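Student: Could we go through this structure together, asking at each step what the words rest on?

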Amino acid sequence: MIHVVRHRGWLIPPVPSRLPEPGDAGRGITVTDRALLHDGAPVVPVSGEIHFSRLPRERWDERLRQMRASGVTLASAYVLWLHHSPERGVAHFDGARDVGAFIDACAAAGLDVVLRIGPWAHGEARNGGFPDWVQAADVEHRSDDPRYLELVAQWFAQLAANLDGRARPGGPVIAIQLENELYDRPDHLVTLKRMARDAGMSAPLWTATAWGAAKLPLGEVMPLFGGYGDGFWADPEDDWDPSFRAHYFPSHTWDDPGVGADVRAAQGFAEASSPASDCTLLGGFPPATCELGGGMATAYHRRPVLSGRDVAALAHGKIGNGSAWQGYYMYVGGRNPAPAMQETQATGYPNDMTEFSYDFHAPIGQSGDLHASAALLRAQHAFLAAFGRRLGGMTSSLPDVLASGLYDAATLRWALRSDGSEGFCIITHHQPHVPVRAVPQVQLRVELDDETLILPQTPVDIPPGTLARWPVNLRIGDARLRWATASALTVLPGEILVLAADPGVPVEVAVEGAAPRRVQPGLHEVGGMALLVLDDATDAWVLGDQLWRCDGQLLWDGTHVEARDATRARRFDPAVRRWVEVDVPPMRSLQAVGVRRMRSAGDPPADHGFEGRRHSAPTPDVFDELAAVFALDMPAWTGDALLDIDWAGDVAQLRVDGTTVDDRFWDWTCWSVSLADVGATPASTLTLHVLPLSTRSTVHLPAATRPLRQDAARGVVASVTLRERSGRRV
């Protein structure tokens, strides 16, 4: 079957935005209604959320190098007022709370910074990030109430003093986000912008979250959107909500009324009006994101788990839809720095969150492990780095035939990014929970300004799960690739185009002047074009102009490469056009940890937490009375060691010498803990405490938990494994 898309170009020349304003200009950053530009050339930034105060300071450098190696270009971070100011007049910026030092670490890793200064942030923090004394103040919060602004002015002055000029034009902070999920107070955003400047903070870009049909001050802030594949903010009995489903279809609608809707209602904001549906309503800014779900947090009442492909498909679809900025929340998981720092129903919010863990199932988990999403996103980021300049001049065109609705699992999901001459067919044929169907015998008819291409020559089946970026009429040097049924990855020195085969799809290439042909993985010269075809991109790492393949992790700061937990690494040398093996340190063996049951679990109350619309997490008293207790008999270990905990129940805590240091609500996924990060030493006593899941519980759990519900009702620890990391510069 032939699937048709027609290139639809812009009708008017680019429209410059009002940002950066004259006093904020720096770093060559400008913005139009089509793209962000650096020194006049379009770029597609990739921002990843990392919360410095939810990580040990000693981990900053490592996590930032992990981000840089994954293709992230901007580190985005909330400054959570709650973590800094225990009482009025006091603000701590020591240790992991030193914002200025974090920005320095970002700069050293080659990352620019998006600073999200609030004052209200959410981030599943207690009071949305307000300190208790602010929350208790007799003021109208998040408004231009002078009594509230007095508190904010003092906080902004304290923060600016710590930043000491780092958040000024020309520095590493290239954007400042004001507030978060503020829906109907545009004047307050203008006030906060003025106050931040008065305190000594500014940046080329000022941003604000735009979802929920937020009313933003036109031209004053760049609107940023978000989207999640599933969310804890739905009720436990809810099906997969349409607001989640919609993100897996080609569309030019950027708003999402579902994100944070529960907190919106709890705080008294009106329901979202009709969402802005196209970019003409964005006030001279391109469609851009700051919160594409890099995973999902776990609330007590609802515990969604998204696969790596679920996460990657959501982001991939936005590229096809025309995104000019790919921003993730979260990209790096963490832990709350102290007890009682989390969002709870007891503090007036709708959800009970884990007290310590903020892993978020992010691409880089709280222990530093890579989740399955990391490799799939890394390939997308390499593509954006290599072809961002071209993408900035390309519109998004949707195919003639779109899905009949949000429950259509049969229609091919794809879009075209093109400037009318060349482009990319972006195929995103995947969604969570409800599998899409294979699409048989596909050919794409791409109607450009002056010609029409049909690809491939031989129809192919598109399997479920396909995330493809097929180049069309792509010029590399003096040669032109008419099309290829493999995903564009990058371009290496010597004008070598790197393609990655898409699972289940034969690689067929057509180079101008040569007949179409199917090719196998390897290096090919076709019609004067050098093509390097990879059998798979999941172990590919593009570090600047270098292409690596590594089955572990690579870390990179722009100069030095570190290989970690790998059995093999190799680098492609464009000069000799072959792979060069690189020595990696040997993997350390896994060690089983002895698990001794010290106390059996009691029966959880049948009605515990079931009152009201959403379940409440067990109280500390209930947990301590009824949880099973397991002693961990640790083998000898040194260095950077982790525990992998396979358990089933309702709620679990890890305690070190009797103190709770990490926790989980059961969702079937592996629980990994860095021993150094939780303050454990080889001399420490470690215990696991597991509360069983009531057989009558109606919390929302992933389908994968069903075979283990009997185990969960007993509260079991199936195994605990000790891993010691290996790594060095290569």
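**Two helices and two cavities**

Tutor: Gladly, and please keep in mind that this is a predicted model. The structure holds 11 cavities of 30 Å³ or more, and there is a pair of helices to begin with.

Student: Why is α5 called oblique to α6?

Tutor: The axes of α5 (residues 146–163) and α6 (residues 186–199) cross at roughly 40° and come within 9 Å. Angles under 35 degrees count as roughly parallel and 65 to 115 as roughly perpendicular, so an angle of roughly 40° falls in neither class, and α5 is therefore oblique to α6. The crossing of α5 past α6 is right-handed.

Student: How do you know that α5 and α6 meet, and which residues take part?

Tutor: Contact means heavy atoms within 4.5 Å, and in α5 the residues that meet α6 include Y148, L149, V152 and F156, while those of α6 include H188, L192 and M195. By class, this contact of α5 with α6 has 11 nonpolar, 2 polar and no charged residues.

Student: What makes up the lining of the largest cavity, by class?

Tutor: The largest cavity, with a volume of about 170 Å³, is lined by 18 residues, of which T298, T354, S357, D359 and F360 are the closest to its centre. Its lining divides into 7 nonpolar, 7 polar and 4 charged residues.

Student: Which residues are the closest to the centre of the second largest cavity?

Tutor: They are H122, E124, E181, W233 and E291, out of the 17 that line the second largest cavity, which holds about 130 Å³ of space. By class, its lining has 9 nonpolar, 4 polar and 4 charged residues.

Notes:
Residues are numbered from 1 along each chain as its sequence is written. This is a predicted model: local features need pLDDT of at least 70, side-chain atom pairs count only at pLDDT 80 or more; totals for chains, interfaces and linings use all residues. Side-chain values use heavy atoms; hydrogens and water are left out. Axes are lines fitted to C-alpha atoms, for helices over the stretch in contact, and angles run from 0 to 180 degrees between N-to-C directions. Helices (H or I, at least four residues) and strands (E, at least two) are DSSP runs, numbered from the N terminus. Angles under 35 degrees count as roughly parallel, over 145 as roughly antiparallel, 65 to 115 as roughly perpendicular and the rest as oblique. A crossing is left-handed if the near helix is turned anticlockwise from the far one by less than a right angle, and right-handed if clockwise. Ala, Val, Leu, Ile, Met, Phe, Trp, Tyr, Cys and Pro count as nonpolar, Asp, Glu, Lys and Arg as charged, and the others, Gly among them, as polar. On a 1 Å grid over the protein atoms alone, a cavity is a set of points where a 1.4 Å probe fits but cannot get out, and a pocket is an open set with protein on both sides within 12 Å along at least five of seven lines; lining residues have an atom within 4 Å of a point. Grid points are joined across faces, edges and corners, and a volume is the space filled by probe spheres set on the points.
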